[in-house]
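Work through the exercises below with the structure in view. Try each task before you read its solution.

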Amino acid sequence: MTTSRDPGHPDGGELVRHRPGRGDHPDPVAETAERPRDALGRFLPPGVAGVPPLELPTSLPPRAALAAAQHLLDTGHPFQAHEVLEAAWKSADDVERNLWRGLTQLAVGVTHLARGNVRGGVAVLGRASDNLAPYAEYPPHDVDVAGLRGWIADRVAAGTPVGRPPRLLR
């Protein structure tokens, strides 16, 4: 089995596994599917209890997705928040797709910062801010685009861990 980077992933490089002899088709969740994760999404050794996987509908209405993601951010689960926001991103229409992509990248950046990966967190947060920027004047769903971009700018300038979680809504 080999691994490669998935350029479509919000942090620009989630590792995906490939089975030998199957071309470039990723192994569908292979042996990692049942492996427990910690609150920051890192795999734990087999047999160690971790954070239960999210059990949400495949697509939540925007306000419900934002509320769920905010709760997860507030309770120290940014990796799970990213999963909620990524599902909304994948089901968003063309007009809002980059808003949800930016929100997903925000949660990924918070995850990296919380893991101590300041360089990676700052890079992903910069991309999040760029994706959120076009929505600043007329933010959909009461997303606090200006506040989020300010929060990101503070983190990027300081190069520091998260501190208080970002507020998604005005």
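## Exercise 1: One face of a helix

**Task.** Find which residues of α5 are buried, and work out how they are arranged around the helix.

**Solution.**
Step 1. Pick out the buried residues of α5: Val145, Leu148, Trp151, Ile152 and Arg155.
Step 2. Look down the axis of α5. The buried residues fall within an arc of 125°, so they line one face of the helix.
Step 3. Recall the general rule. An α-helix has 3.6 residues a turn, so residues three or four places apart point the same way.
Step 4. Turn to the other side of α5. Ala146 and Ala157 are exposed there.
Step 5. Ask what covers the buried residues. The cover includes α3 (97-114) and α4 (118-132).

Keep in mind that this is a predicted model.

## Exercise 2: Checking helix lengths

**Task.** Compare the span of α5 with the span expected at 1.5 Å a residue. Do the same for α4 and α1.

**Solution.**
Step 1. Helix α5 covers residues 145-158, which is 14 residues. The expected span is 20 Å, and the end C-alpha atoms are 20 Å apart, so the two agree.
Step 2. Helix α4 has 15 residues. From first C-alpha to last, α4 reaches 21 Å, close to the expected 21 Å.
Step 3. Helix α1 covers residues 62-74, which is 13 residues. Its end C-alpha atoms are 18 Å apart, and 18 Å is what the rule predicts.
Step 4. Now look past the ends. Just after α5, Gly159 has a positive phi of about 60°. Gly76 follows α1, and its phi is also positive, near 80°.

## Exercise 3: What packs against what

**Task.** List the buried residues of α4 and α1, then name elements that cover them.

**Solution.**
Step 1. In α4, the buried residues are Gly120, Gly121, Val124, Leu125, Ala128, Ser129, Asn131 and Leu132.
Step 2. These residues of α4 pack against α3 and α5.
Step 3. In α1, the buried residues are Ala65, Leu66, Ala68, Ala69, Gln70, Leu72 and Leu73.
Step 4. Their cover includes α2 (78-91) and α3.

## Exercise 4: The surroundings of Val122

**Task.** Is Val122 buried or partly exposed? Which residues does Val122 contact, leaving aside neighbours within four places in sequence?

**Solution.**
Step 1. Place the residue: Val122 is in helix α4.
Step 2. Read its accessibility. Val122 stands at 23%, and buried means under 20%, so Val122 counts as partly exposed.
Step 3. List the contacts: Leu113, Arg155, Val156 and Gly159.
Step 4. Take Gly159 from that list. Val122 and Gly159 lie 37 residues apart in sequence, yet their C-alpha atoms are 6.9 Å apart.

## Exercise 5: Rings and charges

**Task.** How many aromatic pairs are found in the whole structure? Where do charged ends sit over rings?

**Solution.**
Step 1. Search for aromatic pairs. The count is 0.
Step 2. Look for arginines over rings. The charged end of Arg37 sits over the ring of Phe43, 4.0 Å from its centre.
Step 3. Return to α5. Arg155 lies over the face of Trp151, at 4.6 Å from the ring centre. Arg155 and Trp151 are both among the buried residues of α5.

## Exercise 6: The whole chain

**Task.** Describe the order of elements and the share of buried residues.

**Solution.**
Step 1. Count 5 helices and 2 strands. From the N terminus, they run β-β-α-α-α-α-α.
Step 2. Of the 170 residues, 39% count as buried.

Methods: Residues are numbered from 1 along each chain as its sequence is written. This is a predicted model: local features need pLDDT of at least 70, side-chain atom pairs count only at pLDDT 80 or more; totals for chains, interfaces and linings use all residues. Side-chain values use heavy atoms; hydrogens and water are left out. Helices (H or I, at least four residues) and strands (E, at least two) are DSSP runs, numbered from the N terminus. Buried means under 20% relative accessible area, exposed over 50%, partly exposed in between (1.4 Å probe, protein chains only). The expected span of a helix is 1.5 Å times one less than its number of residues. The arc is that of the directions from the helix axis to the C-beta atoms. Contact means heavy atoms within 4.5 Å. Rings of Phe, Tyr and Trp (its six-membered ring) pair if their centres lie within 6.5 Å; planes under 30 degrees apart count as stacked, over 60 as edge-to-face and the rest as tilted. A charge sits over a ring if NZ of Lys or CZ of Arg is within 6 Å of the ring centre and within 35 degrees of the ring normal.
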